[in-house]
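Here is a brisk tour for a reader new to this structure. Keep the sequence and the 3D view side by side as you go.

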Amino acid sequence: MATVLAGDFGGTNLRAAIVNEAGELLVRVEDDTPQAATRDEIIGHVIDLLARTAAAAPEPPLAACIATAGLIDADRGVVVIAPNIPGFRNLPLTPPVAARLGIPVYIENDASAAALGEFRYGAGRGARNLLHATLGTGIGGGIVVEGHLYRGSQGLAGEIGHIILDPSGPVCNCGSRGCLEAMVSGVAFAERARVLVSSGKSLILREIVGARTATGADLFAAASAGDAIAEAEIRHGGHLLGLGIGSLVNVLNPDVVTLSGGLLSMGDMLLGPLRQAMYSLAYGPAAGTLVRISELAEDAGLLGAAAVAWERTEARAESRETGD
Ligand SMILES: [Zn+2]
């Protein structure tokens with residue numbers, strides 16, 4: 001059976017799997033991401049995990065893809081900036097992995113990979129054009145156009161967390177002010193929760209948090225327990241997400257918007273205002289755009305990487321046929 005090797009390389013976990021064309025995980029291996037390790041130690045760890053997984057496959061996989069956070073120049077196999085791993089800057093990651101595994105190796109931004117994973121195996125099956133948004137600690141995204149992942153000229157495409165919603169808003173990691181990610185994300189909600197606790201305006205939140213540092217989950221817990229200010233914060237966040245995503249829908253005109261990430265646990269408190277804002281600014285046929293929640297759960301990263309490995313493998317086969 002033909003398979004590919006998928007790697008999902010996150011800040012806390014390293015996952016790898018052998019995946020067939022139908023998106024079934026035949027082998028699955030998981031490890032902790034080494035902390036306080038050098039750049040070369042981390043690369044060595046990733047290579048060992050992938051090699052171990054490949055060795056457990058029924059037959060050698062056709063190709064491998066590693067999905068990871070950050071700015072990835074996928075066509076050159078280079079990690080340009082990895083925010084979670086300090087030593088990873090302008091790092092050609094695929095050559096050492098390919099040398100060890102002896103198969104073509106690709107790398108992809110995790111949110112872009114997730115978009116292709118939803119398109120092939122998840123909530124975006126049957127779509128032609130798809131916009132995916134990852135709503136978690138940060139805000140990411142990916143774009144599928146006519147069935148293929150759209151990467152842009154340097155791999156930047158899909159960075160939906162950095163559209164500007166308020167030029168005088170909070171400073172973002174990217175250096176701009178008022179980016180979607182700086183206004184509403186796991187990190188932004190945690191910041192709002194801390195402000196609410198120190199202002200003394202939300203007694204329920206203050207009781208939930210106690211002596212700890214407040215998190216976004218605390219904000220949601222307070223809202224669920226009836227705290228009107230916490231609920232208003234979350235609803236406002238959903239509204240802003242809807243403005244950002246809705247603007248992109250007007251530009252891209254996808255069949256479907258798929259959503260994944262930890263913020264979805266806030267349910268309708270976040271998603272209601274998100275949908276309302278998105279549809280309120282829909283231009284013409286954009287009002288018919290579907291919004292669907294990811295069905296891939298914790299395997300989303302692996303299936304995204306697998307989807308990219310399959311797409312790359314198909315493209316290679318096509319270019320061999322046409323002699324390009
Ligand atoms: Zn930004």
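## The cavity

One cavity of 30 Å³ or more is found in the structure. The model is a predicted one. The space in this largest cavity comes to about 50 Å³.

Which residues line the largest cavity? They are G7, D8, F9, L14, R15, V46, L49, L50 and I66. Three elements each give at least two residues to this lining: strand 1 (3-9), strand 2 (13-20) and helix 1 (39-55). Sorted by class, the lining of the largest cavity holds six nonpolar residues, one polar residue and two charged residues.

## The second largest pocket

Now turn to an open space. The second largest pocket holds about 160 Å³. Its lining consists of Y106, H148, L149, R151, E311, R312, E314, A315, R316 and E318. Two elements give two or more residues to the lining of this pocket: strand 11 (148-149) and helix 10 (300-322).

Which element gives the most to the lining of the second largest pocket? Helix 10 does, with six residues. By class, six residues of the lining of the second largest pocket are charged, three are nonpolar and one is polar.

## The zinc site

Four protein atoms serve as donors to the zinc ion: ND1 of H162, and SG of C172, C174 and C179. They lie 2.0 to 2.3 Å from the zinc ion. Along the chain, the donors follow the spacing H-x9-C-x1-C-x4-C.

What is the geometry of the site of the zinc ion? The site is tetrahedral, and the angles among its four donor atoms run from 103 to 122°. For four tetrahedral donors, the ideal angle at a metal is 109.5 degrees.

## The five-stranded sheet

Five strands make an open sheet with mixed pairing, in the order 11-10-9-12-13. Strand 11 and strand 13 (290-293) are at the edges. Each has a single partner strand, so one side of each has no neighbour in the sheet. Strand 11 also appeared above, as one of the elements that line the second largest pocket.

Look next at strand 9 (residues 130-135) and strand 12 (residues 256-260). These two strands run parallel and are joined by five bridges. One residue to find here is H132, whose bridge partner in strand 12 is T258.

## The three-stranded sheet

A sheet of three strands is also open, with the order 5-6-7 and antiparallel pairing. Strand 5 (71-73) and strand 7 (89-92) are its edge strands, each paired on one side only. On average, neighbouring strands of this sheet are turned by 20° against each other, direction ignored.

How many bridges join strand 5 to strand 6 (residues 78-81)? There are three, and the two strands run antiparallel. I72 has V79 as its bridge partner in strand 6.

Definitions and conventions:
Residues are numbered from 1 along each chain as its sequence is written. This is a predicted model: local features need pLDDT of at least 70, side-chain atom pairs count only at pLDDT 80 or more; totals for chains, interfaces and linings use all residues. Side-chain values use heavy atoms; hydrogens and water are left out. Two strands pair if DSSP finds at least two bridges between them. Helices (H or I, at least four residues) and strands (E, at least two) are DSSP runs, numbered from the N terminus. Axes are lines fitted to C-alpha atoms, for helices over the stretch in contact, and angles run from 0 to 180 degrees between N-to-C directions. On a 1 Å grid over the protein atoms alone, a cavity is a set of points where a 1.4 Å probe fits but cannot get out, and a pocket is an open set with protein on both sides within 12 Å along at least five of seven lines; lining residues have an atom within 4 Å of a point. Grid points are joined across faces, edges and corners, and a volume is the space filled by probe spheres set on the points. Ala, Val, Leu, Ile, Met, Phe, Trp, Tyr, Cys and Pro count as nonpolar, Asp, Glu, Lys and Arg as charged, and the others, Gly among them, as polar. Donors are N, O and S atoms within 2.8 Å of the metal (3.2 Å for Na, K and Ca); water is not among the atoms, so sites may look incomplete. Four donors count as tetrahedral if all angles lie between 85 and 135 degrees; four count as square planar and six as octahedral if opposite donors are over 155 degrees apart and all others between 65 and 115; anything else is irregular.
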